[in-house]
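This report looks at charged pairs, aromatic pairs and nonpolar packing in one protein chain. The sequence and the model come first, and the reading of them follows.

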Amino acid sequence: MKMNEGVEWAVHSCVNLCFIPGEAVTAKRLAAFYELPTAYLNKQLQALTRAGILSSTSGPKGGFQLAKAPDKITLLDVVVAIDGSEDAFRCTQILKAGPGADEKADYRKTCVVSMSMRKAELTYRRELAAKTIADLVAQVESTYPETAENTRGWFANLKS
């Protein structure tokens with residue numbers, strides 16, 4: 001399974017927005033922080049906005065802010081906003097083409113391969129649903145105590 005690189009960008013943007021609460025930050029400024037292409041990051045930020053994770057304000061003081069408290073935004077919320085909610089594994093029931101196959105069987109429910117893949121994906125989704133942006137912020141602040149202040153300073157000193 002491969003996640004879109006926009007997931008990484010979106011999660012980092014949400015964490016950075018936590019360090020500068022109450023301030024709307026443009027896609028251009030968020031992109032400059034990691035030297036990312038603004039147009040592509042903006043697509044990710046718009047997806048987060050459509051999902052209700054961010055809010056967007058237009059105009060000279062416009063930009064993006066968290067639309068929810070960081071403890072209400074899970075990593076799964078971000079992944080689904082960027083990559084969609086479709087299952088990573090899709091059983092096409094190839095067993096129906098095999099010798100002795102039961103044409104009436106729903107192999108998505110009885111196939112050992114399908115069940116194993118679905119179980120693994122459920123574990124993956126549970127882990128993402130159990131971790132919030134607030135959890136990441138707390139871990140960053142604990143592990144790298146200077147990060148929040150450095151991030152606020154960087155954005156405060158950035159022109160435009």
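## Salt bridges

Asp 106 has a relative accessible area of 24%, and it is therefore classed as partly exposed. The model examined here is a predicted one. The side chain of Asp 106 meets that of Arg 108 in a salt bridge, with 2.9 Å from N to O, and Arg 108, at 38% relative accessibility, likewise counts as partly exposed. A search of the whole structure finds 6 salt bridges, and three of these are set out in the table below.

| Salt bridge | Closest N to O distance |
|---|---|
| Arg 29 with Glu 23 | 3.1 Å |
| Arg 90 with Glu 86 | 2.8 Å |
| Asp 106 with Arg 108 | 2.9 Å |

In general, side chains of opposite charge can pair when their charged atoms come close. In the bridge between Arg 29 and Glu 23, the arginine is buried, because its relative accessible area of 10% is under 20%, whereas Glu 23 is partly exposed at 31%. Glu 86, the partner of Arg 90, stands at 54% relative accessibility and so counts as exposed.

Glu 86 also appears in the surroundings of Arg 125, a residue of helix H6 (residues 112–130). When residues up to four places away in sequence are not counted, Arg 125 touches Leu 76, Val 80, Ser 85, Glu 86 and Asp 87. With a relative accessibility of 18%, Arg 125 counts as buried.

## Aromatic pairs

The structure holds 5 aromatic pairs. In one of them, the rings of Trp 9 and Tyr 40 have centres 5.0 Å apart and planes at 85°, and because an angle over 60 degrees counts as edge-to-face, the pair is assigned to that class. This pair links distant parts of the chain, since Trp 9 belongs to helix H1 (residues 5–19) and Tyr 40 to helix H3 (residues 38–50), with their positions 31 residues apart in sequence. Trp 9 is buried at a relative accessible area of 11%, while Tyr 40 is partly exposed at 25%.

The rings of Trp 154 and Phe 155 also form an edge-to-face pair, with their centres 5.0 Å apart and their planes at 85°. Trp 154 is partly exposed, having a relative accessible area of 30%, but Phe 155 is buried, with a value of 2%. These two residues join Phe 33 and Tyr 34 in one aromatic cluster.

## Nonpolar core

In soluble globular proteins, nonpolar side chains tend to be buried together. Here the largest nonpolar core has 36 residues, and those with the most contacts inside it are Leu 45, Leu 48, Ile 53, Leu 54, Val 78 and Ile 133. The elements that give two or more residues to this core include H1, helix H2 (27–34), helix H4 (75–83) and strand E2 (63–66), and the largest share, 9 residues, comes from H1. Leaving aside neighbours within four places in sequence, Leu 48 is in contact with Ala 10, Cys 14, Ile 53, Leu 54, Val 78, Ala 81 and Ile 82.

## Confidence

How confident is the predictor along the chain, and where is its confidence lowest? The average pLDDT of the chain is 93, and 98% of the residues score at least 70. Confidence is lowest in helix H5 (residues 107–110), where the mean is 84, and highest in helix H7 (residues 133–143), at 98.

Methods
Residues are numbered from 1 along each chain as its sequence is written. This is a predicted model: local features need pLDDT of at least 70, side-chain atom pairs count only at pLDDT 80 or more; totals for chains, interfaces and linings use all residues. Side-chain values use heavy atoms; hydrogens and water are left out. Rings of Phe, Tyr and Trp (its six-membered ring) pair if their centres lie within 6.5 Å; planes under 30 degrees apart count as stacked, over 60 as edge-to-face and the rest as tilted. Helices (H or I, at least four residues) and strands (E, at least two) are DSSP runs, numbered from the N terminus. Buried means under 20% relative accessible area, exposed over 50%, partly exposed in between (1.4 Å probe, protein chains only). pLDDT is the predictor's confidence in each residue, from 0 to 100. Contact means heavy atoms within 4.5 Å. A nonpolar core is a set of buried Ala, Val, Leu, Ile, Met, Phe, Trp, Tyr and Cys residues joined through side-chain atoms within 4.5 Å. A salt bridge is a side-chain nitrogen of Lys or Arg within 4 Å of a carboxyl oxygen of Asp or Glu.
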